[in-house]
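The turns below take up a structural model by asking what its labels rest on. Each answer sets a value beside the rule that gives the label.

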Amino acid sequence: MTEHFADVYPGLTPRFVIGESGSRPLSLQEEIAAGTYAPVVTGGLIDQLEQAGLRGRGGSGFPAHRKWRAVRDGGAPRVVVANGEEGEPSSFKDRWLLTNRPHAVIDGLLLAAAVVGADRAVIYLSHPETVSSVQRALEELPPRPGSVAVEIHVVEHRYVAGEETAVCRSINGGLALPLSKPPRPFESGVDGRPTLVSNVETLVQAAWIGRNGADTYRELGTSASPGTMLVTLGGSCRRPGVYEVPYGLTLGHLIEDCAGGLSNGIGGVLAGGWFMGVADASLLEATWCYDAMRAAGSGIGCGAVTVLGCDERIEDVVARLARWYVEESAQQCGVCVKGTAAIADTLELFSQGSAEPDALANLARWGTALQGRGACAFLDGAANLAGTFSRIITSDRATQPIAVN
Amino acid sequence: MKVFLDPIKCSGYGACADICPSLFVIDEFGFAQLLNGGVVAAGDEDSARNAAAGCAENAIGIEG
C-alpha cells in the first residue's frame with residue numbers, strides 16, 4: 001500500500017482529503033487558502049463538538065467533548081498532545097494526514113490548546129516520514145503571537161506506544177508503555193498535569209467543526225454516526241488506500257466504490273485494524289456506523305479494514321495474528337502474558353488442524369473473560385480475535401483435521 | 001465504595017480472593033479478577049479494605 005495515497009468517496013465533497021493532498025503534501029500557502037489557521041471562536045467549541053457528535057478517531061470512539069471538557073475543567077497548567085503514533089498494523093490514515101496535511105494537525109492542536117487552556121503542546125510521533133513532514137511544517141510556520149510553542153516527541157514504534165498513558169509516560173521521560181488507571185491523563189498526564197491526548201484526525205475534525213459548525217458537520221453521515229471518517233481499506237481489494245467516506249453506507253459499498261472491489265474473492269474481513277478480530281463475508285453487508293458494526297459483532301475502531309482473499313485460510317491468518325499479540329504485548333500484566341499465549345497456542349492448533357474438542361469453548365470464554373483485564377486495551381484485541389474466531393468457525397471444523405496444501 | 005485492581009502489580013498471590021470473595025476471584029491463569037466492576041456490596045466494605053491491606057503487591061486501591 002502506498003502510505004501517501006488518499007482519495008474521497010465518489011461524489012463526496014471532501015472535508016479532509018482536499019485539493020491534491022491525496023497524492024502530495026499541501027504547502028503552507030495552500031493550507032492557508034483552504035482556511036487552515038483561520039481564527040476560530042474558541043468559546044463554545046466544546047459544546048459544538050458535543051452537538052456534532054465527534055468521536056475519537058484513534059480507535060476507542062470516545063466522545064471528544066467529554067475529554068476536552070474534563071481537561072479544561074482540570075486545574076491549570078494543562079497540556080495537549082496530538083497522538084500520531086498509529087499503532088494498528090493495517091491503518092495508514094494518520095500517517096497520510098501527518099505527511100500530506102501536517103499543518104492541519106498543527107492547526108487542530110493549537111486550537112485544542114486554546115480551548116482547554118494549555119500552555120504546552122506536543123506532537124507525538126514515530127514514523128520517520130511523519131517526523132520530517134511535521135518538522136518542515138513547524139519550520140515554515142510564521143511566529144504566532146499568543147499561541148503555545150509546539151514540540152515534537154519521537155518514540156520508537158510499537159503497538160502500545162500510542163496508548164494514552166504510554167504517550168504521557170514517554171513524554172515524561174519513561175518507557176512508552178501503558179500505566180494502570182486511574183489516574184487517566186485528563187486527571188494526571190504529562191508533568192502530572194491534566195492532559196488532553198487526542199488522535200491527530202480527531203484534532204483535524206474538531207478544527208473543521210470549529211470553522212463550519214456542528215449543523216454543517218451533521219449534513220453527512222448518520223444521526224448517531226455523523227460526519228465523515230478517514231478509513232484505510234487494504235488487503236484483497238483492487239485499489240487499497242486511505243479514503244474519506246461518510247458513515248451510513250455498507251462496508252461492501254465502501255470497498256466496491258472506493259477500493260475498486262474485491263481482487264480475489266473474500267475469505268473474511270479484519271476490522272478495526274486488527275483490534276476487532278475476524279469476521280466472515282457477511283460483514284460486508286453491515287452499515288459502516290458505530291451501532292451497526294457493533295451489532296454485527298465487529299466495530300469501526302480506527303477505521304482500518306483488511307479484506308482476506310478467498311485463498312487465505314482463516315485458521316492460518318488468526319494464528320499469525322495471535323502470535324503477533326504475544327510478541328507485541330508489553331509483558332507488564334501477568335494476565336496479558338498468559339492470556340495472549342493461551343490464545344495463540346490454541347489458534348495454532350486450529351491452524352495445524354489438531355485442535356481438541358474443547359478448544360472452541362476456551363476461545364469463546366477468553367473472548368469475554370479477558371475483556372478489560374489488562375492495564376490497557378491490548379489484551380481486549382487478542383480476546384476479540386479469540387471470540388470472533390470462535391463465532392465464525394463451525395464446531396465441526398474444530399474437531400476435524402484440516403488438509404493443509 | 002469502589003475498588004481498583006492494578007493488573008501490572010498483581011502477581012496472583014490470591015489473598016484478595018480469600019479475604020473478599022464477593023469482589024475478587026483468581027482466574028484460570030492465576031491472576032486476580034475484579035467482580036461487579038469493582039463496586040463493593042453493602043456490608044463487604046471491611047473485607048474489601050482488608051483485601052487491599054493484605055495484598056502483597058499493593059495492587060488494590062480503594063475509592064470512596
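Q: What makes A:Ala118 the bridge partner of A:Arg78, and how are their strands joined?
A: In this predicted model, A:Arg78 has A:Ala118 in E3(A) as its bridge partner, and strand E2 (residues 78-83) of chain A is joined to strand E3 (residues 118-125) of chain A by 6 bridges, the two running parallel. Two strands pair if DSSP finds at least two bridges between them, so the 6 bridges satisfy the rule. Helices (H or I, at least four residues) and strands (E, at least two) are DSSP runs, numbered from the N terminus.

Q: Which conventions govern the numbering and the confidence of the model?
A: Residues are numbered from 1 along each chain as its sequence is written, while chains are lettered from A and ligands numbered from 1 in the order in which they are written. Because the model is predicted, local features need pLDDT of at least 70 and side-chain atom pairs count only at pLDDT 80 or more, whereas totals for chains, interfaces and linings use all residues.

Q: Why do E4 and E5 of chain A count as edges of their sheet?
A: The open sheet has 4 strands in the order E4-E3-E2-E5 (chain A), with parallel pairing. Strand E4 (150-154) and strand E5 (195-199) of chain A each have a single partner strand, so one side of each lacks a neighbour in the sheet. Neighbouring strands here are turned by 25° against each other on average, direction ignored.

Q: What makes E1 and E9 of chain A edge strands?
A: Here 6 strands form an open sheet of mixed pairing, in the order E1-E7-E6-E10-E8-E9 (chain A). Strand E1 (6-8) and strand E9 (278-279) of chain A have a single partner strand each, so one side of each is left without a neighbour in the sheet. E1(A) pairs with strand E7 (residues 241-246) of chain A in the parallel sense over 3 bridges, and A:Ala6 stands opposite A:Val242 in E7(A).

Q: Why is H5(A) called mostly covered?
A: A residue is buried if 20 or more other C-beta atoms lie within 10 Å of its own, exposed if 12 or fewer, and partly exposed in between, with C-beta atoms placed from the backbone. By that rule 14 of the 15 residues of H5(A) are buried.

Q: How do you know that the span of H5(A) is close to the expected one?
A: The expected span of a helix is 1.5 Å times one less than its number of residues. Helix H5 (residues 102-116) of chain A has 15 residues and reaches 21 Å from its first C-alpha to its last, close to the expected 21 Å. After H5(A) comes A:Gly117, with a positive phi near 80°.

Q: What makes the radius of gyration of chain A agree with that of a compact globule?
A: The radius is taken over C-alpha atoms, and the globule rule is 2.2 Å times the number of residues to the power 0.38. For 405 residues a compact globule would have a radius near 22 Å, and chain A has 21 Å, which agrees. Of these 405 residues, 55% count as buried.

Q: How do the side chains of E1 in chain B alternate?
A: Along strand E1 (residues 2-5) of chain B, B:Val3 and B:Leu5 point to one face and are buried, while B:Lys2 and B:Phe4 point to the other and are not. E1(B) is joined by 4 bridges to the antiparallel strand E4 (residues 60-63) of chain B, where B:Ile62 stands opposite B:Val3.

Technical notes:
Axes are lines fitted to C-alpha atoms, for helices over the stretch in contact, and angles run from 0 to 180 degrees between N-to-C directions.
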